[in-house]
Amino acid sequence: MTNPRAERVKAVRALAGRSVRQRAGRFVVEGPQAVREAVLVADVHDVYVTEASAQRYEEIVAGAQSRGIRVHVGTAEVLDAMSADGQQVVAVASLLEHTLESVLAGAPRLVAVLAHVRDPGNAGTVIRAADAAGADAAVLTAESVDVHNPKVVRSTAGSLFHLPVVTGTDLAVTVADLRAAGLLVLAADGAGTFDLDDLLDVAGSAEDGVPDLSRPTAWVFGNEAWGLRDEDRALADAVVRVPIRGRAESLNLATAATVCLYASSRAQR
């Protein structure tokens, strides 16, 4: 492939748009880390590399070929035209589809729920943190960013392909379903009634009325700017704050989510 203005190149680049992704049923995966994970498990249709990147990331090419995925070699200009952020390694895959029903059938112990989270970088980082903490799934409400947005995909650093990510849900229905499946539902908020460190201290022996982090838990995280609305916090079994020891006003969404998820992961060991 030598023509950066070829129709195939334009078609791949166009997948950056949500409407195009929905019509095509496909999304673009950019960069060696994400593509490496995608070719192992996702429904990948095509992988695009340069001669240099194919040699640098031989395992990606080998993994794709072992699954019968088409590998196309193009010039640097072609790959850069497909994606300015792909480091000359790009793939096209079918949209990921997971349901909350299938997640709950697996008896999850830790779930991250993102409500009205609209920043792609934050959403992707929370998914990555959930994966790292050993969560069983992540859920994004209908008002949240599209999980197939290229920046979300890049920010997950491959974790998008490690755990189920359910999208397009209603928060109230999601919380009800999680609770019915036996999960404790905690909302993370700076003005929370319970201190996260205090809950860690009593995990496994919490008194009545005190959330027990050793239980299967779903954490609900809100919007980057305004957090969780009053009606969203009211859906949870309890509202928990991450303690601020220094003079910082607050933690950003992804950092707070990481702290909460790891607290549950530790309590559940």
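Student: Why is Ile244 called partly exposed?
Tutor: Its relative accessible area is 36%. Buried means under 20%, exposed means over 50%, and partly exposed covers what falls in between, with a 1.4 Å probe and protein chains only as cover. The value of 36% falls in that middle range, so Ile244 is partly exposed.

Student: What kind of model do these values come from?
Tutor: This is a predicted model, in which local features need pLDDT of at least 70 and side-chain atom pairs count only at pLDDT 80 or more, while totals for chains, interfaces and linings use all residues. Residues are numbered from 1 along each chain as its sequence is written, and side-chain values use heavy atoms, without hydrogens or water.

Student: Where does Ile244 lie, and what makes a patch of it and its partners?
Tutor: Ile244 is in the loop between E11 and H13. Helices (H or I, at least four residues) and strands (E, at least two) are DSSP runs numbered from the N terminus. Ile244, Leu251 and Val259 make a nonpolar surface patch of about 200 Å². Patch members need over 30% relative accessible area and no salt bridge; nonpolar side chains (Val, Leu, Ile, Met, Phe, Trp, Tyr) are joined within 5 Å, like charges within 9 Å. The areas come from the Shrake-Rupley method with a 1.4 Å probe, and for residues only the protein chains shown count as cover. At 36%, Ile244 is over the 30% limit and therefore meets the area condition.

Student: How do you know that Asp197 and Arg245 form a salt bridge?
Tutor: The N to O distance between their side chains is 2.3 Å. A salt bridge is a side-chain nitrogen of Lys or Arg within 4 Å of a carboxyl oxygen of Asp or Glu, so the pair qualifies. The two residues are 48 apart and link distant parts of the chain: Asp197 is in helix H11 (residues 196-201), Arg245 in the loop between strand E11 (238-241) and helix H13 (253-267). Asp197 is partly exposed at 30%, whereas Arg245 is exposed at 64%.

Student: How many salt bridges are there in the whole structure?
Tutor: A search finds 14. One of them joins Arg36 and Glu59, whose closest N and O atoms are 2.9 Å apart. Arg36 belongs to helix H3 (residues 32-41) and Glu59 to helix H5 (residues 58-66), so this bridge ties together parts 23 residues apart in sequence. Both ends are partly exposed, Arg36 at 22% and Glu59 at 40%.

Student: What places Asp230 and Arg233 about one turn of the helix apart?
Tutor: Both lie in helix H12 (residues 230-233), with three residues of separation. Their side chains meet in a salt bridge at 2.1 Å, N to O. Asp230 has 54% relative accessible area and is therefore exposed, while Arg233, with 23%, is partly exposed.

Student: Why is Val49 called buried?
Tutor: Its relative accessibility is 2%, so it falls in the buried class. Val49 sits in strand E2 (residues 44-49). Leaving out residues up to four places away in sequence, Val49 touches Ala54, Val71, His72, Val73, Gly74, Leu79, Gln88 and Val89, where contact means heavy atoms within 4.5 Å.

Student: What is unusual about Gln88, one of those partners?
Tutor: Gln88 has a positive phi of about 65° although it is not a glycine. Most residues other than glycine have a negative phi. Gln88 is in the loop between helix H6 (76-82) and strand E4 (89-94), and is partly exposed at 22%.

Student: What makes a set of residues a nonpolar core, and how many residues has the largest one?
Tutor: The members are buried Ala, Val, Leu, Ile, Met, Phe, Trp, Tyr and Cys residues joined through side-chain atoms within 4.5 Å. The largest such core has 58 residues, and those with the most contacts inside it are Val29, Val47, Trp219 and Phe221. H13 gives the most to this core, seven residues. At least three residues come from each of domain 1 (7-94) and domain 2 (100-268); these bounds come from an automatic or database domain assignment.

Student: How many residues are in contact between the two domains?
Tutor: 14 residues of domain 1 are in contact with eleven of domain 2. The C-alpha centres of the two domains lie 31 Å apart.
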